[in-house]
Amino acid sequence: MTTRKHSRKKRNQKGIKWFYITAAGLVSAVILAAILFKIRADSADSQRPAGTSVSQKIAGSGDRAGDSPNEENRPDKGNQWNKTNTDNTNIRTIISQMSLEQKAAQLFIITPEALTGFQTVTQAGDATYKALQEYPVAGLIYFPQNLQNPKQLKTMTARTQELAAGLTQLPLFLSIDEEGGKVARIANHEGFDLPKVDTMAEIGKSRDISRAYEAGSVIGEYLEELGINLDFAPDADVLTNPDNTVVLDRSFGSDPVLVTQMTKAYMKGLEEHHVYGTPKHFPGHGATQGDSHKGFAYTYKTWDELEQAELVPFAGLIQDNTPFIMAGHISLPRITGDDTPSSLSPQVLTGYLRETMGYKGIIITDALNMGAVQDNYPPDQAAVMALQAGADLLLMPADFREAYGGVLDAVKTGELTEERIDQSLTRILSVKLTLP
């Protein structure tokens, strides 16, 4: 009897605790909804004309995933930082209404499985709703196990955005690795009858810039139709190490000027279909030895040497105000003095990418469950180190809940400041609020 009474007492206490948390959350949600409604009303979207042949082919497989953004809200080069609906005052207001837990969740892009705890996710329903309610993450990344056919994917992405909107949350980054060639999760899936894009190496050999644009445009067209708004492509790596196998056929080649031109053209093709590109892997995987998927990948080059080739495309993209850059897990021992991956190094991300190169956009890490990180740093430590280094978005930690908890703990202990979190959120919201 004593044990049962004690258990009931604990459950009652827990119920009271969650009542107050839920009530506070509802108040925040109402305020956030009002702010978002005003911002979106100020920049009301109109319908975009119907797409071309690939769009029509996909659309024939099921209902549209949702309205497309109008031309004014397209992620055009150079204007994404001064749109009316991304006014800094509005962004500051939204951030001020967010709890620390909501802020921390907005720093992560994870798989649907990591969000829901299910082994395989191919639809968005109650489990997704409940998980988003508890963890309002920045976005999701999809892999082949999440894909079945065009109708299923469109339904899942549309429903996921609807669930987030129903919770008065910000739009989600729905992302995928769709580079072309071997790395094309959708086009290479047997359930999708879509145009195949050549490897970037083949396109680079042609030296025809229009082919890079066409690759981005073809991919962007079907991603938009399927509800994907963020593509982790293209590779902006300059292949200076002929023995490199990581990006051998994923790079446009060894000529830094050509790689820059083709990367920009590919990005333009994506953007014309309202899909954000993410050039990778800063500061350049083309010079490395080793594979960061399996362990440390490193180059012994100095900044002066990297500036001759590997950094040229990133400098050009920064001039164009690219909204995203992906930081690779590349060790630079002659620069940092140790094996710390670039994605976790303040010297690389803040000292060089931010301060020396002047980059103001979103820095997203490469997947944090890759060997170079997972084998050497616990998930909570890796997440905190990446934020301390200057990253804004944390992609696929080995254990999301541990990483999320690590960020919360770091703020509470002063290892991270809430001001630092707000800086990342400002950059994230500047892009998110351009999404439909």
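**Entry 1: salt bridges**

I began with the term I needed for the first pair: a salt bridge is a side-chain nitrogen of Lys or Arg within 4 Å of a carboxyl oxygen of Asp or Glu. I also noted at the outset that this is a predicted model.

By that rule the side chains of Arg250 and Asp235 form a salt bridge, with N and O at 3.7 Å. Arg250 and Asp235 both lie in the loop between β6 and α10 (256-271), so the pair ties together parts that are 15 residues apart in sequence. When I looked up their accessibility, I found both Arg250 and Asp235 buried. I then traced the pair outward and found Arg250 and Asp235 in a network of salt bridges that also links Asp177, Glu179, Arg185 and Lys280. A search of the whole structure gave 17 salt bridges.

The next pair I looked up was Arg427 and Asp392, whose closest N and O atoms are 3.0 Å apart in a salt bridge. Here the link joins distant parts of the chain, since Arg427 sits in helix α18 and Asp392 in the loop between α16 and β12, 35 residues apart. I entered Arg427 as buried because its relative accessibility is 17%, and Asp392 as buried because its relative accessible area is 0%.

For a pair within one helix I turned to α7 (residues 150-166), where Glu162 and Arg159 lie 3 residues apart, about one turn of the helix. Their side chains meet in a salt bridge at 3.4 Å, N to O. An α-helix has 3.6 residues a turn, so residues three or four places apart point the same way. Glu162 counts as partly exposed because its relative accessibility is 47%, and Arg159 is likewise partly exposed, with a relative accessible area of 36%.

**Entry 2: Glu178**

Which side chain of opposite charge is nearest to Glu178, and how far away is it? I found that it is Arg185, at 6.4 Å, and that Glu178 is buried yet has no salt bridge. I placed Glu178 in strand β4 (residues 178-180) and then looked for what its side chain does reach. A polar atom of the Glu178 side chain lies 2.8 Å from the backbone nitrogen of Arg185, and the side chain also reaches the backbone nitrogen of Ala187 at 3.0 Å. Leaving aside neighbours within four places in sequence, I listed the contacts of Glu178, among them Val183, Ile186, Ile219, Tyr222, Leu223, Asp231 and Tyr266.

**Entry 3: strands**

I followed an open sheet of 6 strands, paired in parallel, in the order β7-β6-β3-β2-β1-β12. The edges are β7 (276-277) and β12 (394-395), each with a single partner strand, so one side of each is left without a neighbour in the sheet. At the β7 edge, strand β6 (residues 230-231) pairs with β7 in the parallel sense over 2 bridges, and I found Leu230 standing opposite Tyr276 in β7.

I also looked up β9 (residues 324-327), which is joined to β11 by 4 bridges and runs parallel to β11; Ala327 has Thr365 of β11 as its bridge partner. Are the faces of β9 covered or uncovered? Both are covered, with Phe324 and Met326 buried on one side and Ile325 and Ala327 buried on the other.

**Entry 4: helices**

Helix α9 (residues 209-226) has 18 residues and reaches 26 Å from its first C-alpha to its last, close to the 26 Å expected at 1.5 Å a residue. I found α9 mostly covered, with 13 of its 18 residues buried, and after it comes Gly227, whose phi is positive, near 90 degrees.

Helix α16 (residues 379-389) has 8 of its 11 residues buried, so it is largely enclosed by the rest of the structure. Its buried residues, including Pro379, Val384, Met385 and Leu387, pack against α14 (346-356), β11 (362-365), α15 (371-374), β12, α17 (400-413) and α18 (418-432). Just after α16, I noted that Gly390 takes a positive phi of about 125 degrees.

My last look-up was Lys205 in helix α8 (residues 200-206), which I entered as exposed because its relative accessibility is 64%. Its C-alpha atom is separated by 10.0 Å from that of Ser254, 49 residues apart along the chain.

Notes: Residues are numbered from 1 along each chain as its sequence is written. This is a predicted model: local features need pLDDT of at least 70, side-chain atom pairs count only at pLDDT 80 or more; totals for chains, interfaces and linings use all residues. Side-chain values use heavy atoms; hydrogens and water are left out. Buried means under 20% relative accessible area, exposed over 50%, partly exposed in between (1.4 Å probe, protein chains only). Lys and Arg count as positive and Asp and Glu as negative; His and the chain ends are not counted. A polar contact is a pair of N or O atoms within 3.5 Å; within protein, one must be able to donate a hydrogen and the other to accept it, and residues adjacent in sequence count only if both atoms are side-chain atoms. Contact means heavy atoms within 4.5 Å. The expected span of a helix is 1.5 Å times one less than its number of residues. Two strands pair if DSSP finds at least two bridges between them.
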